[in-house]
Structure formats: structure tokens, C-alpha cells
Amino acid sequence: LLSLQRTMPGILERIKDIEIELARTQKNKATEYHVGLLKAKLSQLRKQLMEPGPGAGGKGEGFDVQKSGNASVALIGFPSVGKSSFLNKVCKGTKSDESAHEFTTLTCI
């Protein structure tokens, strides 16, 4: 925990520096590669913040997102690729009836 606290300000500072450099850099064909490298480095640093380092032990904290409102989700894909089976695995408490034959989702949720 102590080593994580020591490295976090360094990572946050480096992220801030890269974001400042990205804001200053003109966007054109000549700087495209440089901007791509900066974005990749920024992504790596943000990933380091999210994942516990070696020797951190135990599980990471994770996120807690409060459910609010309604959502509509569409699963689009070719026939017989497992859309209904995926939905049944992901959504506990709901059941989309399907059969072993093609085009056989019997009920929609």
C-alpha cells in the first residue's frame, strides 16, 4: 500500500504532463505519429492506475456503480451465433427461450 501511494503521484503527474503536451501539439499529418505515441502512453499510465501493482496482494478495489434509470440494449449479429445464450448467461433472472435449431429464439426479453 505504501509503495502504491508513492507511485501514484508520479503517475498522475506524468498523465497531467502528457495531457498538457497533447493540448499544445498541433494536429496535422506531421504530428500524427507523435500524438499516437502520446495517446498510447496515456492509456498505459491510466491502466497502471486501475490495476494493482506487483506485490499489492488481494483483490483490487474495483468500482461501485449505482443503478439508475432504464436502459435499452440491442444484440445484433448473424443467426445462430449465441445472442440469446449470451443474454441468458449475462442477465440473471431473465430467460430467453431458444432451441437447438436455427432461428429459434422463441421469446424476446
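When I say buried, I mean a residue with under 20% relative accessible area, and by exposed I mean over 50%. With that settled, here is the structure, which is a predicted model.

I'll start with α2. Four of its residues are buried: Val35, Leu38, Leu42 and Leu45. Seen down the helix axis, the buried residues of α2 fall within an arc of 90°, so they line one face. The general reason is that an α-helix has 3.6 residues a turn, so residues three or four places apart point the same way. On the face of α2 turned away from the buried side sit Glu32, Tyr33, Lys47 and Met50, which are exposed. As for length, α2 has 19 residues, and at 1.5 Å a residue it should span 27 Å; its end C-alpha atoms are 27 Å apart, so the two agree.

Next, the core. The largest nonpolar core has eight residues, and those from α2 that I just listed, Val35, Leu38, Leu42 and Leu45, are in it. The core also includes Ile11, Ile15, Ile18 and Leu22. Each of the two helices, α1 and α2, supplies at least two residues of this core. Take isoleucine 18: leaving out residues up to four places away in sequence, it touches Leu38, Lys41, Leu42 and Leu45.

Now the loop. Threonine 25 is found between α1, residues 2-24, and α2, residues 32-50. Is threonine 25 buried or exposed? Threonine 25 has 15% relative accessibility, so it counts as buried. A polar atom of its side chain lies 2.6 Å from the backbone oxygen of glutamate 21. Not counting neighbours within four places in sequence, threonine 25 is in contact with Thr31, His34, Val35 and Leu38. Val35 and Leu38 are also members of the core.

Asparagine 28 lies in that loop between α1 and α2 as well. Its relative accessibility is 34%, so asparagine 28 counts as partly exposed. A polar atom of the asparagine 28 side chain lies 2.9 Å from the backbone nitrogen of alanine 30.

Last, confidence. The mean pLDDT of the protein is 75, and 67% of its residues reach 70 or more. Confidence is highest in α2, at a mean of 89, and lowest in α1, at 78. Over residues 1-5 the pLDDT is below 50, and beyond near neighbours in sequence this stretch has zero contacts in the model.

Notes:
Residues are numbered from 1 along each chain as its sequence is written. This is a predicted model: local features need pLDDT of at least 70, side-chain atom pairs count only at pLDDT 80 or more; totals for chains, interfaces and linings use all residues. Side-chain values use heavy atoms; hydrogens and water are left out. Buried means under 20% relative accessible area, exposed over 50%, partly exposed in between (1.4 Å probe, protein chains only). A polar contact is a pair of N or O atoms within 3.5 Å; within protein, one must be able to donate a hydrogen and the other to accept it, and residues adjacent in sequence count only if both atoms are side-chain atoms. Contact means heavy atoms within 4.5 Å. The expected span of a helix is 1.5 Å times one less than its number of residues. The arc is that of the directions from the helix axis to the C-beta atoms. A nonpolar core is a set of buried Ala, Val, Leu, Ile, Met, Phe, Trp, Tyr and Cys residues joined through side-chain atoms within 4.5 Å. pLDDT is the predictor's confidence in each residue, from 0 to 100.
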